[in-house]
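Dear colleague,

Please find the structure below, handed over for your own examination. My notes on it come directly after.

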Amino acid sequence: MEQNKMYGSRIPRAPKRALKTLSQNEVNAKGADGAETKLKKPRLALDNGSAGKNGTAEAKDASGLDTEWLEMAEKNNLSVDTLLALKMTGKGKWDHKGRCEQMMPYIRQLRACTRYLRSCVDKADGLKESLVEGHEKDLAAREADLEKLSEKLSILGEQFAESKESVSSMKEKNAQLKKELEERNLMDMDQKVEIASLTNDLAHNKKVSAEKAQEIAKLQDNYVKSQEYAQNLQDFVKKLKEDTQRMNESLLKIQEEKSELVSSLNVSKGNEEQLNEKLRGSKELVSELKSQQESLGETLEAMKADHAKALENMASAFKDKEAEAKERFDCLAEEKRLKERELREVETEHKKVCLTLEKCENNLESNRESLRQLEIKCDSLQSKMAEEEAKHEQEIKKRIDQAEAEKESFERTRQALESSMEQKCKELVDTAGQLSETRAVLGDCQAQLAEMQGVYDRAKSELSAKTRECEGKTLDLQKAREELNRYHEITGQSAENMEKLMVKSRALEDQNSTQNDVLEAIKSQYEMVKQKLSLYEVQNGSINEQHQIAMKELEAKDRLLREAEEQIHEGEMLRKKLHNQILELKGNIRVFCRTRPLTDEEASAEMPNGAPTISYTSQGEKSGKGLQLHVATNKQAKKRSSSGESCYNFDFDRAFQQDASQEEVFEEISQLVQSALDGYKVCIFAYGQTGSGKTHTMIGNSDQPGMIPRSLEQIFQSGEKMKEQGWDYTISVSMMEIYNEEYKDLLSKKKLPAGKQHTVKHDQKGKTTMTYMTDVKVTSMEKVESLLAKAMSLRSVAATQCNEHSSRSHFVFRLNIDGANQSLGQNVNGVLNLVDLAGSERLSKSQATGDRLKETQSINKSLSALGDVIMAINNGDSHVPYRNSKLTWLLQPCLGNQSKALMFVNVAPSQESAQETLCSLRFASKVNACEIGTAKRFVS
Ligand SMILES: Nc1ncnc2c1ncn2[C@@H]1O[C@H](COP(=O)(O)OP(=O)(O)OP(=O)(O)O)[C@@H](O)[C@H]1O
């Protein structure tokens, strides 16, 4: 009721309204005395006495409602208002009796009315209880659901962790496999490079081999040429053979001629005998002519002798010639045989040459040798031929000379004979007849001589023919010589070429054999490499298979992981939803009370064995939430006694005892901090009197870090975790204080430009911008700590009556959290304001003066503005006075309907501070009773 009075005295005028108020109160049923009274029945408004006490007959219907009043009202056409407005009228001004008589039924009606209303209220109570029960059941069911969900979530988390582990192991395995594969690939590459170099070598060797093959082909060509040359030689030998045959034939012809000559000689011998007979006849004829005949006989005998001698000489010459021709023939036959043998040898050698190049060389050597021999022989033959020719010429010359001499002698003889015959004719003119016969004989002799001359001419022509033949032979010989010379030249050249070629060939063969060795080695290497490669390929194939299997497994795991991630995401979404539901159920503005430990001084001031100033509800549903403040009424002594104390009960969302650690406290707000990461605007502020532990709670120290460093730590950790779900956060921090209703940047020592000041603007989306305010992006705790230390050093602190290092300003630690998730296409903009308010002490207690007084006044003003804002939001006022103070204006987006707020009410446990504590707790109770609407997540 006190609460309702405070909020505008909303007294329920009808049961329905009362029920509504009760249900609201049931949700907000926390707080001090005032709050508690809300839960009581609304009997105070009508509590003018119990109808039952009058013993009036009471009619009740089945539902338990007192229907007497209703019946009465219906009968008299009455309402409560008309009943209340009813006035007792008497007959006159002094007709008290009449009025009294009217009064009695009126009182009865009133009593019936009261009973009816009471029964209504009772029913409403019953309904309320059943609703509360239903609500509690609903809450329990939701909590059970939540537990199940959280269990499911934890199972999912475990599964996720397992799948993550397996995925990471798979990834490791995959990485190893990849590494192996890369190594193999590298090895393959090396091998390929090796193979490539070997292939290059092979190609080079092939090229060299091709060049060698070309050279070999050239050699083969040369060899073919040499074969052709050998063929030419064979042809030449054939020609030689043919020449030899022709020589043989010519020899045969010469023999025939010889035989003819012999026969002609025989004929001439016969002729000679005839001549001799004729001569003997003529001798007989001439005997008569004795002296002449004797001289003629003598001459004839001399002629005969000469002729015989010539004939003998000719015969001997012919014999010699025959012998020589025979010898020559034999020589030629021998030579022919030799040549044939040599030819055979050459042929065999040629065959051998054909078989192998080396043998060819040998054969060529031997051929050369044989050619040399042939040359020598040819030379000898040539010389012999030349000798023979010379001899022949000499002989022919001799024979010509002899023939000419014979002719001359014959001529002389003829001339002598003619002269003698002329003389004889002259002498024998007389004896013409006799002489005519002698003349006829002489004519015969002359005819014989002419015949002889013819024979001689024939012999001469034969000789000239022979000479021509010889000349032809000589020409042939010269040709043969020339050919031989050419052959020698060619042979020499070809031999040289052959030698060079052979040297080259040998070198090439050596090279070829080494190249072949190299080639063989390369081939074997190539084979090995090929084998290795095939092995590697097989291994590679198996590795690839393994890799594919691993990839498939990985894909399956990835799928599972994605599913798990989706499930986690869904779970996360559900968690957020439930978390928000819980927060909504708890109220979007919550209040935690924290009591600091007693200082030594305070402890000594407390009653040694007395009850503590603040005690906590340890049992029942209010355990951990409820507390009692015992305020001594003996103000003089400031000491408590059982008789002189007032006890105030308060209930909050959480009540931390003196020994509660920072960790414990943070555990309770961590969900709220998480909300900021999820895109909510969150405000956590510490309220309390000076020295009650606000700064300790919010900032703490290095040993016991407070909510600000712990929140940052959690945000960084969660941000890292959320990265796995695709979230990327940018966190920036600004720190300021509001001192004497002015903003002051605590991250910069720079003074504001003249005439300028920090101004705060909020846009439609609740984004706050401050002019000239330093905003630092932070990624690590170290950075935050250093910034915090800097801010602390710049904060306005002074010693007060209550605190040696009292914060004389509101400290605002402002965190802008911008998150982006590309895969989801979401951006979140969360804000976390962590505020260490200035101490809220009463002026009377702080005894401040001067600057301290001004400070205290502005502090109190802004704190009361904070209370006003909260109350206005709770009341649903059309105007919320945010602009009444710099603090509320700055925190506007975080104190509005769409934000989440948490207030620490810090209290000191000493009796000395009890009054201040009572004020703080009362203020906190008011805040706790507020509803500031449903928080909104800022997602784009
Ligand atoms: N929970 C606690 N545990 C231990 N010591 C505490 C606790 N709370 C406060 N203190 C100590 O009490 C003293 C005063 O605390 P603190 O400075 O935090 O008060 P405050 O409310 O911030 O005061 P002011 O408003 O004047 O700044 C400090 O020495 C602090 O260490």
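The remarks that follow cover the overall make-up, the nonpolar cores, one helix and two loop residues.

Please bear in mind throughout that this is a predicted model.

The protein contains 19 helices and 16 strands. Of its 940 residues, 28% count as buried. Where contacts link residues at least 6 apart in sequence, 75% of them join residues at least 24 apart.

As to the interior, the largest nonpolar core comprises 86 residues, and Cys 593, Met 903 and Ala 924 touch the most other members. Strand 7, spanning residues 727-739, supplies the largest share of this core, with eight residues. Apart from it there is another core of eight residues, which include Ala 112, Tyr 116, Leu 117 and Val 121. In general, nonpolar side chains in soluble globular proteins tend to be buried together.

Met 903 merits a separate entry. Leaving aside residues up to four places away in sequence, Met 903 touches Val 591, Phe 685, Tyr 687, Ala 924 and Val 927. Ala 924 thus appears both as a contact of Met 903 and among the residues of the largest core that touch the most other members.

Helix 11 was examined in more detail. This helix runs over residues 662-677, and its 16 residues reach 21 Å from the first C-alpha to the last, close to the 22 Å expected at 1.5 Å a residue. Helix 11 nevertheless bends by about 45° at Ile 669. Ile 669 is also one of the buried residues of the helix, as are Val 665, Phe 666, Leu 672, Val 673, Ser 675, Ala 676 and Leu 677. After helix 11 comes Gly 679, which has a positive phi, near 105°.

Two residues other than glycine also call for attention in their backbone angles. Most residues other than glycine have a negative phi. Glu 741, however, has a positive phi of about 60°, and its place is in the loop between strand 7 and strand 8 (742-745). Tyr 772 likewise has a positive phi, near 55°, and lies in the loop between strand 10 (768-770) and strand 11 (776-777).

Are these two residues buried or exposed? Glu 741 has 17 other C-beta atoms within 10 Å and is therefore partly exposed. Tyr 772 also counts as partly exposed, because it has 15 C-beta neighbours inside 10 Å.

With kind regards

Conventions. Residues are numbered from 1 along each chain as its sequence is written. This is a predicted model: local features need pLDDT of at least 70, side-chain atom pairs count only at pLDDT 80 or more; totals for chains, interfaces and linings use all residues. A nonpolar core is a set of buried Ala, Val, Leu, Ile, Met, Phe, Trp, Tyr and Cys residues joined through C-beta atoms within 7 Å. A residue is buried if 20 or more other C-beta atoms lie within 10 Å of its own, exposed if 12 or fewer, and partly exposed in between; C-beta atoms are placed from the backbone. Helices (H or I, at least four residues) and strands (E, at least two) are DSSP runs, numbered from the N terminus. Two residues are in contact if their C-beta atoms, placed from the backbone, lie within 7 Å. The expected span of a helix is 1.5 Å times one less than its number of residues. The bend at a residue is the angle between axes fitted to the seven residues ending there and the seven starting there.
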